[in-house]
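Here's a quick briefing to read with the model open beside you. It goes from the overall picture to the core, then to a few helices and side chains.

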Amino acid sequence: KLVTLVAEKREAIAARWGELGVDEKRRADFAPLHVGEGAFTEALLLQHEDELARLDGLMEKREGIVKIAEKREEIVAERAELDSLLKDSSRLTGRGRHSAANLSRETAMAKRIKKLPELTEKLREKLLEWEAEEGYAFPWHGNARYLDAIDAVEGEWQRKKDAEKDAKDAKKQADRASVAGVGPPGERMNYTALPKAPKPSGPAG
C-alpha cells in the first residue's frame, strides 16, 4: 500500500511540475523522488505530500497570474482591432442603428484599452515577484519567460506607432511645403529665372 501511495503522489507531483513549467534540474532537486521502492517509509510519503501541497499552493498563485495575463491578452487583441478599425474611413459613412452600435463598441474598446498600461504594470510586478520567490521565470503559451514576450509585443507596438507618426509628420510637412510653393527642388518655381521688366526710359534731353 505504501508503494502505491508514493507512486500516486509522484504522479500528481509530476503533473503539477508540468503545469508549472518546472524544468528537469529543479525536478531533480527533489531528493525524495530518487528513493527506490525498497526504502519507502511513512516519512518519505509525508515528504511527497508536503511537496504536493506546496505545488498546489503554487498552482493557486499561478491561476491568479493567468487571470491577469488572459485579461491583458484580450485587451492587446482589442488594441490591434481598434487600430485597424480607426484606419477604415468607410466606417463613418454608415447610418442608422448599425453605425451607432459600431461607434458604441469602439468607444467601449477604447475605454478598456486605456487600462492596458496599468494592467501590464500589474502583471509585470506579479511576474517579477514569481521569479524572485520561485527562482525561475513564469512560462506561458510556449514562452520560456512570459515577461520577455510582453516586452517584445510592447516594443513592436511602439515601433509601429512611432513609424506611423513619423510618416504622418512627413506628409504634413510636405503638404505645408506644397501650399507655400516650396516643393522639392525639381518642382520649385524658379523666380530668379523670370525675365525682368525693362526700365522705363527717361525724358529725352
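A residue counts as buried when its relative accessible area is under 20%, and as exposed when that area is over 50%. With that in hand, take H5: its buried residues are Leu116, Leu119, Thr120, Leu123, Leu127, Trp130, Glu131 and Glu134. Seen down the axis of H5, these buried residues fall within an arc of 110°, so they line one face of the helix. Keep in mind that this is a predicted model.

**The chain overall**
- The chain has six helices and zero strands, so to speak an α-α-α-α-α-α run from the N terminus on.
- Of the 205 residues in the chain, 26% are buried.
- About 14600 Å² of the chain is exposed, with carbon and sulfur atoms supplying 55% of that area.
- If you take the contacts between residues at least 6 apart in sequence, 70% of them join residues at least 24 apart.

**Confidence**
- Mean pLDDT for the chain comes out at 86, and 84% of the residues reach 70 or more.
- Confidence is highest in H5, at a mean of 95, and lowest in H4, at 83.

**The nonpolar core**
- In soluble globular proteins, nonpolar side chains tend to end up buried together.
- Here, the largest nonpolar core holds 31 residues.
- Leu20, Leu123, Leu127, Trp130, Phe138 and Tyr146 are the ones with the most contacts inside this core.
- Two or more core residues come from each of helix H1 (2-20), helix H3 (42-86), helix H4 (96-113), helix H5 (116-134) and helix H6 (146-179).
- H3 gives the largest share of the core, with eleven residues.

**Helix H1**
- H1 has 19 residues, which should span 27 Å at 1.5 Å a residue, and its end C-alpha atoms are indeed 27 Å apart.
- Val6, Arg10, Ala12, Ile13, Trp17 and Leu20 are the buried residues of H1.
- Down the axis of H1, those buried residues sit within an arc of 165°, so they line one face of the helix.
- What do the buried residues of H1 pack against? Their partners are helix H2 (24-28), H3 and H5.
- Just after H1 comes Gly21, which takes a positive phi of about 75°.

**More on helix H5**
- H5 also has 19 residues, and it reaches 26 Å from first C-alpha to last, close to the 27 Å expected at 1.5 Å a residue.
- On the other side of H5 from its buried residues, Pro117, Glu118, Ala132 and Glu133 are exposed.
- Gly135, just after H5, takes a positive phi of about 85°.

**Trp130 and Arg62**
- Trp130 is one of the buried residues of H5 and is also among the core residues with the most contacts.
- Leaving aside neighbours within four places in sequence, Trp130 is in contact with Leu20, Leu58, Lys61, Arg62, Ile65, Gly135, Tyr136, Ala137 and Phe138.
- Arg62 lies in helix H3. Is Arg62 buried or exposed? Arg62 has a relative accessible area of 14%, so it counts as buried.
- Not counting residues up to four places away in sequence, Arg62 touches Glu19, Leu20, Trp130, Phe138 and Trp140.
- Leu20 and Phe138 turn up in the contacts of Trp130 and in those of Arg62.

How values were computed. Residues numbered from 1 in each chain as written. Predicted model: local features only at pLDDT ≥ 70, side-chain atom pairs only at ≥ 80, totals over all residues. Heavy atoms only, no water. Core = buried A, V, L, I, M, F, W, Y, C linked by side-chain atoms within 4.5 Å. Buried < 20%, exposed > 50% of the residue type's maximum accessible area, 1.4 Å probe, protein only. Helix = DSSP H or I, 4+ residues; strand = E, 2+ residues; numbered from the N terminus. Contact = heavy atoms within 4.5 Å. Areas by Shrake-Rupley, 256 points an atom, 1.4 Å probe, with all protein chains shown as cover. Expected span 1.5 Å × (residues − 1). Arc of directions from axis to C-beta. pLDDT = per-residue confidence, 0-100.
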